[in-house]
Amino acid sequence: MVTGGNGMLGYALRQVTQCEPIEGYRYVFVDMEEGDLCKSGETAALFERVRPDGVIHLAADVGGLYKNMAHGVEMFENNLTMNMNVMRCCREFKVEKLVSCLSTCIFPEQSLSGHLRLPIDESMIHQGPPHPSNEGYAYAKRMVDVLSRNYRKQYGCNFVSLAPTNIFGVNDNFSEKASHVIPALIRKCHAAKHGGGEFVVWGTGRPLRQFIYSLDLARLFVWAYQQYDEEVPLILAPDEGQEVSIGDVAREIAGAFGFAGPVVFDGSYADGQYRRTVSNRKLMSLNPDFVFTPLSAAIAETVQWFEQNVAVARL
Ligand code: GFB
């Protein structure tokens with residue numbers, strides 16, 4: 001059973017599992033319509049109905065910097081509640097394995113933990129506070145690691161967690177206020193190209209991020225369901241050399257649209273965390289042949305999808 005089945009990553013997992021299915025498994029993609037995971041009764045009813053052998057848990061209350069800054073309470077409560085409900089049911093219904101999705105934004109903010117050196121690795125997850133801009137979400141997701149390890153210790157549950165960097169791809173949330181940076185910029189560049197006007201990037205454009213394409217991440221989730229059984233959360237990221245500035249990403253998106261107008265930076269908006277460079281050494285030691293889609297190609301595919309699907313996209 002895949003929760004969050006209609007989201008961006010759920011959509012990518014549908015595509016990947018159609019061409020690379022796990023031998024002997026069929027997939028049941030569920031989403032809010034099938035049961036609100038923040039409600040323990042509805043969660044149990046969903047498990048009763050589906051009777052999954054395994055679970056890939058993608059459902060979450062997520063959003064970009066500005067949603068996190070504005071809705072820390074809900075991000076904390078909703079994610080903590082749904083994750084506790086899902087884990088409890090995974091144990092009660094004796095699933096063989098649960099794979100949960102964290103994020104690298106939950107790792108400590110280096111400037112608040114002087115002893116930490118970038119790049120961040122898996123061992124540092126609890127070694128300091130996260131960046132204040134996404135505190136609510138970050139601590140709720142850190143508790144997935146704490147609870148997974150305790151279910152493993154107390155009940156022998158094979159609960160693993162994966163921590164991807166900033167994800168983007170087709171069928172993302174492109175809403176102006178709640179979305180992450182790449183879908184937000186794709187939406188704004190599209191409007192500037194077709195409606196005239198400026199392509200406005202919020203903030204200074206200087207912060208740095210590593211991005212992972214939803215299709216690559218979906219392939220890594222399929223691999224991890226079959227191959228990764230450790231209690232330590234595994235960072236999923238292209239290597240540090242792929243770190244790019246928000247300004248360069250905006251220019252890449254403008255290029256993909258063929259937009260020749262001005263790219264303007266509005267410094268009145270927050271920049272959030274300056275950088276959160278992570279190491280993918282552990283991943284590449286376990287999966288050395290994995291190849292990430294180049295950022296420019298992945299952005300071009302996502303822009304093309306948006307141009308063709310703007311009428312149905314989540315705006
Ligand atoms: O993806 P994002 O919203 O979140 O983007 P984080 C961050 C950077 O993009 C910031 C800049 O430096 C923003 O200033 N930016 C520029 C914009 N224009 C825009 C815009 O129009 N919309 C948005 N959203 N950003 C998130 C966490 O942090 O990382 C989430 O808040 C999640 O919880 C995700 O974990 C992985 O990268 O700062």
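This is a short tour of the structure, from the whole chain to one residue.

The model is predicted, so local features need pLDDT of at least 70 and side-chain atom pairs count only at pLDDT 80 or more, while totals for chains, interfaces and linings use all residues. Residues are numbered from 1 along each chain as its sequence is written, and side-chain values use heavy atoms, with hydrogens and water left out.

Select the protein chain and show it as a cartoon. The chain has 10 helices and 11 strands; these are DSSP runs numbered from the N terminus, helices being H or I of at least four residues and strands E of at least two. Its radius of gyration is 19 Å, close to the 20 Å from the globule rule for 315 residues, so the chain is as compact as a globular protein of that length. That radius is taken over C-alpha atoms, and the rule is 2.2 Å times the number of residues to the power 0.38. Along the principal axes, the C-alpha atoms fill a box of roughly 55 × 45 × 40 Å.

Next, colour the chain by accessibility. Of the 315 residues, 52% are buried (under 20% relative accessible area; exposed is over 50%, partly exposed in between, with a 1.4 Å probe and protein chains only).

Now select Val146. This residue is in helix α5, residues 135-155. Val146 counts as partly exposed because its relative accessibility is 28%.

Finally, add Phe292 to the selection. Val146 and Phe292 are 146 residues apart along the chain, and their C-alpha atoms are separated by 29 Å.
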